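Here is a short report on one helix and the disulfide it carries. Please have the sequence and the model at hand.

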Amino acid sequence: MTFPEWTKPGIYGALGGAIAVSILGFSWGGWTTSGSAQTMAQDLAAEEVTLAMVPVCLNMSAADPERTEKLATLQDLSSFGRRNAMMETGWATRPGTDTPDRGLAAACLAGLELDGS
């Protein structure tokens, strides 16, 4: 079977176009692979759970009998020290877990609004 003369350049052009569209789609077009989409979804879910737990953290701080002393300690520290101190207060520990959550501590500090931090 014989093919017309334009077949070979047409196939090369289609192949080159497919490669170009793929490169443009993944770099500028917003296309993602399944793995990166799953990673983005997990990150978003973790952020949303942390934000949903901020009211629990604030309620725990409001119910703490040593709240005034702990807030004074938090206010005297730098931003890095505040997050660690917040984790030590126990307010940033999610219900059902034993260890404090670093992200929840940072979000709870923002919710407490200590002198504009």
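## A bent helix and its disulfide

Helix α2 bends by about 30° at Met53, and within four residues a proline follows, Pro55. The model is a predicted one. Helix α2 is made up of 30 residues. From first C-alpha to last, α2 reaches 44 Å, close to the 44 Å expected at 1.5 Å a residue.

Which residues of α2 are buried? They are Thr50, Met53, Val54, Cys57 and Ser61. Met53 is thus named twice: the bend is at Met53, and Met53 is buried. An α-helix has 3.6 residues a turn, so residues three or four places apart point the same way. The cover over the buried residues of α2 includes α3 (67–76) and α5.

Cys57 also takes part in a covalent link. The model has 1 disulfide. Cys57 and Cys108 form it, with their sulfur atoms 2.0 Å apart. The pair links distant parts of the chain, 51 residues apart: Cys57 sits in helix α2 (residues 34–63) and Cys108 in helix α5 (residues 102–112). The link of Cys57 and Cys108 is left-handed, with -90° about the S-S bond.

Are the two cysteines, Cys57 and Cys108, buried or exposed? Cys57 counts as buried because its relative accessibility is 1%, under the 20% cut-off. Cys108 counts as buried because its relative accessibility is 0%.

| Cysteine | Helix | Relative accessibility |
|---|---|---|
| Cys57 | α2 (residues 34–63) | 1%, buried |
| Cys108 | α5 (residues 102–112) | 0%, buried |

Helix α5 therefore appears in two roles: α5 holds Cys108, and α5 is among what covers the buried residues of α2.

Conventions: Residues numbered from 1 in each chain as written. Predicted model: local features only at pLDDT ≥ 70, side-chain atom pairs only at ≥ 80, totals over all residues. Heavy atoms only, no water. Disulfide = S-S within 2.5 Å. Buried < 20%, exposed > 50% of the residue type's maximum accessible area, 1.4 Å probe, protein only. Expected span 1.5 Å × (residues − 1). Bend = angle between axes of the 7 residues up to and from the residue. Contact = heavy atoms within 4.5 Å.
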